[in-house]
Amino acid sequence: KPFKNFMETETASADKASNNANIKRLICGLSSGAIQSFIFNPWDRALYLSVTKKRQFFHRENWKNPYQGFGQSVCIRMLSAGLYFPLEDICMISVQNKIK
């Protein structure tokens with residue numbers, strides 16, 4: 001019986017460590033999405049305006065408000081680019097644990 005209690009405690013601490021690692025992965029993914037959004041939003045906006053307004057990419061008007069639409073960009077990049085790899089890691093670990 002003492003061995004059984006030890007194993008249950010060991011499993012609970014391993015599950016807690018795994019959950020903490022998953023949370024860290026998600027935070028890293030969300031952070032990377034936010035950073036990507038901050039870096040690329042001016043370029044994305046200038047490209048969008050150059051296509052829709054039919055003017056040169058480096059035209060002054062394309063760069064006037066570089067962070068307009070930043071909130072939408074953050075949401076999209078955090079969900080798509082920022083969470084893809086952390087979610088893939090979490091799913092792969094879960095599948096590998098189920099297979100064992």
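**Close-up 1. Phe 57 and its ring partner Trp 63 in the predicted model.** Phe 57 is partly exposed in this predicted model, with a relative accessible area of 22%, a value that stays above the 20% under which a residue would count as buried. Trp 63 likewise counts as partly exposed, at 25% relative accessibility. The ring centres of Phe 57 and Trp 63 are 5.5 Å apart and the ring planes stand at 85°, so this pair is classed as edge-to-face.

**Close-up 2. The aromatic cluster around Trp 43 and Phe 58.** The structure holds ten aromatic pairs, and one of them joins Trp 43 to Phe 58, with ring centres 6.3 Å apart and planes at 90°, so that this pair, too, is edge-to-face. Because Trp 43 belongs to helix α1 (residues 2–52) whereas Phe 58 belongs to the loop between α1 and α2 (70–99), the pair ties together parts that are 15 residues apart in sequence. Trp 43 counts as partly exposed, at 43% relative accessibility, while Phe 58, at 62%, counts as exposed. Ring pairs link these two residues with Phe 57 and Trp 63, so that the view shows a cluster of Trp 43, Phe 57, Phe 58 and Trp 63.

**Close-up 3. A nonpolar surface patch that includes Trp 43 and Phe 58.** Ile 35, Phe 38, Ile 39, Phe 40, Trp 43, Phe 58 and Tyr 67 make a nonpolar surface patch of about 760 Å². Among its members, Phe 58 lies in the loop between α1 and α2, and Trp 43 comes from helix α1.

**Close-up 4. Surroundings of the buried Asn 62.** Asn 62 is located in the loop between α1 and α2 and, with a relative accessibility of 1%, counts as buried. A polar atom of the Asn 62 side chain lies 3.2 Å from the backbone oxygen of Phe 57. When residues up to four places away in sequence are not counted, Asn 62 touches Ala 46, Leu 49, Ser 50, Arg 55, Gln 56 and Phe 57, so Phe 57 takes part both in these contacts and in the edge-to-face pair with Trp 63.

**Close-up 5. The backbone at Lys 54.** Most residues other than glycine have a negative phi. Lys 54, by contrast, has a phi near 55°, which is a positive value in a residue other than glycine. Lys 54 lies in the loop between α1 and α2 and counts as exposed, at 74% relative accessibility.

**Close-up 6. A salt bridge between helices α1 and α2.** The model contains two salt bridges, one of which is formed by Arg 77 and Asp 44, whose closest N and O atoms are 2.3 Å apart. Since Arg 77 lies in helix α2 and Asp 44 in helix α1, this salt bridge ties together parts that are 33 residues apart in sequence. Asp 44 is partly exposed, with a relative accessible area of 34%.

**Close-up 7. The salt bridge between Lys 64 and Glu 61.** The side chains of Lys 64 and Glu 61 meet in a salt bridge, with an N to O distance of 3.2 Å. Lys 64 is exposed, its relative accessible area being 53%, whereas Glu 61 is partly exposed, with a relative accessible area of 35%.

How values were computed
Residues are numbered from 1 along each chain as its sequence is written. This is a predicted model: local features need pLDDT of at least 70, side-chain atom pairs count only at pLDDT 80 or more; totals for chains, interfaces and linings use all residues. Side-chain values use heavy atoms; hydrogens and water are left out. Rings of Phe, Tyr and Trp (its six-membered ring) pair if their centres lie within 6.5 Å; planes under 30 degrees apart count as stacked, over 60 as edge-to-face and the rest as tilted. Helices (H or I, at least four residues) and strands (E, at least two) are DSSP runs, numbered from the N terminus. Buried means under 20% relative accessible area, exposed over 50%, partly exposed in between (1.4 Å probe, protein chains only). A polar contact is a pair of N or O atoms within 3.5 Å; within protein, one must be able to donate a hydrogen and the other to accept it, and residues adjacent in sequence count only if both atoms are side-chain atoms. Contact means heavy atoms within 4.5 Å. Patches are made of residues with over 30% relative accessible area and no salt bridge: like charges are joined within 9 Å, nonpolar side chains (Val, Leu, Ile, Met, Phe, Trp, Tyr) within 5 Å. Accessible areas come from the Shrake-Rupley method with a 1.4 Å probe; for residues, only the protein chains shown count as cover. A salt bridge is a side-chain nitrogen of Lys or Arg within 4 Å of a carboxyl oxygen of Asp or Glu.
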